[in-house]
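Dear colleague,

I am handing over the structure below, and my notes on it follow directly after. Please read them with the model open beside you.

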Amino acid sequence: MSAASRTPRTTATKRRAAKLTVGAAVAALALTACGSGGTSGGGNNTNFVTGSGGIATVKKGERHDAPDLSAKDLEGKQLHMSDYKGKVVVLNVWGSWCPPCRAEAPNFVKVAKDTEKQGVQFLGINTRDTSTNPAKKFEESYGVPYPSFYDPTGRLLLKFEKGTLNPQAIPSTIVVDREGKIAARSLKPLSEKALREMVSPVVAEK
């Protein structure tokens, strides 16, 4: 067999391996999908503390950088997390098929509107929806005022480093401070009170 005939098979093999990697990650995430949350932990010197409400936090100065996420939103427009540099960013991982996501949606809508003038930007990461239509209907139903990355295969979730406060469940919520570092994480649906308690200390930081 010639070298030329071997090249396409090699490329195809690499593509299959990449798909398997993403598939495995999504499958792992599915194990904690729409549950009460995953388990916190990990190496890489995370230095985080998990409170009684299940919200893990990291002191300022000990935090890891959040990934600079970039992908299309549900409308097909390019969305860049870097556009919100200098703001507190709240990232919520959700799916239209997920009952706990529906339960917490009104809380996110209310807190997002209330904190907008305080320099807080909410962003969603919609995952495991096979098309954007159900996700867009979800946002319309709850009046979601902020955009969401469309991430059906979980590629964006893989950008969070292992051992950091990364999303491990659906829903998950990550709070990123004004310096672009991960300050807090929840691996379960949040009440309005819990969401405010998660976001407020990061907003108050100087």
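Two strands are taken here to pair if DSSP finds at least two bridges between them. With that in hand, Val176 can be placed opposite Ile182 in strand 9. Please bear in mind throughout that this is a predicted model.

**Overall layout**

The protein chain holds four helices and nine strands, and from the N terminus on its elements follow the order α-β-β-β-β-β-α-β-α-β-β-β-α. Of its 206 residues, 43% are buried, and its accessible surface comes to about 10,700 Å², with 53% of that belonging to carbon and sulfur atoms. Where contacts join residues at least 6 apart in sequence, 70% of them link residues at least 24 apart.

**The sheet**

Seven strands form an open sheet with mixed pairing, in the order 1-2-9-8-5-6-7. Strand 1 (49–50) and strand 7 (148–151) stand at its edges and have a single partner strand each, so one side of each is left without a neighbour in the sheet.

Strand 9 has five residues, and five of the five are buried, so that the strand is mostly covered. On one hand, strand 9 (residues 182–186) runs antiparallel to strand 8 (residues 172–176), to which four bridges join it; on the other, strand 9 pairs with strand 2, again in the antiparallel sense, over three bridges. Ser186 appears in both pairings, as the bridge partner of Thr173 and as the residue that Ile55 stands opposite. Strand 8 and strand 9 form a hairpin with five residues between them, and Gly180, in the turn, has a positive phi of about 80°.

**Helix 4 and what covers it**

Helix 4 (residues 192–204) has 13 residues and spans 18 Å from its first C-alpha to its last, close to the 18 Å expected at 1.5 Å a residue. Its buried residues include Ala194, Leu195, Met198, Val199, Val202 and Val203. Among the elements that cover the buried residues of this helix are strand 2 (55–57), strand 5 (88–94), helix 2 (99–115) and strand 6 (120–127), together with strand 8 and strand 9.

**Two nonpolar cores**

The largest nonpolar core has 30 residues, of which Leu69, Met81, Leu91, Leu123, Ile125 and Phe149 touch the most other members. Two or more residues are given to this core by each of strand 5, helix 2, strand 6, helix 3 (132–142) and strand 8, and the largest share, four residues, comes from strand 5. A second core, separate from this one and made up of 21 residues, includes Val88, Val111, Val175 and Val199, the last of which is also one of the buried residues of helix 4.

**Individual residues to look at**

Gln121 lies in strand 6, and its relative accessible area is 14%; since buried means under 20%, Gln121 counts as buried. Leaving aside neighbours within four places in sequence, Gln121 is in contact with Tyr84, Lys87, Val88, Val89, Val90, Tyr146 and Pro147; of these, Val88 is also a member of the second core.

Ser82 is placed in the loop between strand 4 (78–80) and strand 5, and with a relative accessible area of 38% this serine is partly exposed. Although Ser82 and Gly180 are 98 residues apart in sequence, their C-alpha atoms are 8.8 Å apart in space; Gly180 is the glycine of the hairpin turn described above.

Two points of backbone geometry deserve a look as well. The peptide bond from Ile170 to Pro171 is cis, with omega near 5°, and Pro171 lies in the loop between strand 7 and strand 8. Arg128, although not a glycine, has a positive phi of about 65°; this arginine is found in the loop between strand 6 and helix 3, and at 32% relative accessibility Arg128 counts as partly exposed.

With best wishes

Notes:
Residues are numbered from 1 along each chain as its sequence is written. This is a predicted model: local features need pLDDT of at least 70, side-chain atom pairs count only at pLDDT 80 or more; totals for chains, interfaces and linings use all residues. Side-chain values use heavy atoms; hydrogens and water are left out. The expected span of a helix is 1.5 Å times one less than its number of residues. Buried means under 20% relative accessible area, exposed over 50%, partly exposed in between (1.4 Å probe, protein chains only). Contact means heavy atoms within 4.5 Å. A nonpolar core is a set of buried Ala, Val, Leu, Ile, Met, Phe, Trp, Tyr and Cys residues joined through side-chain atoms within 4.5 Å. Accessible areas come from the Shrake-Rupley method with a 1.4 Å probe; for residues, only the protein chains shown count as cover.
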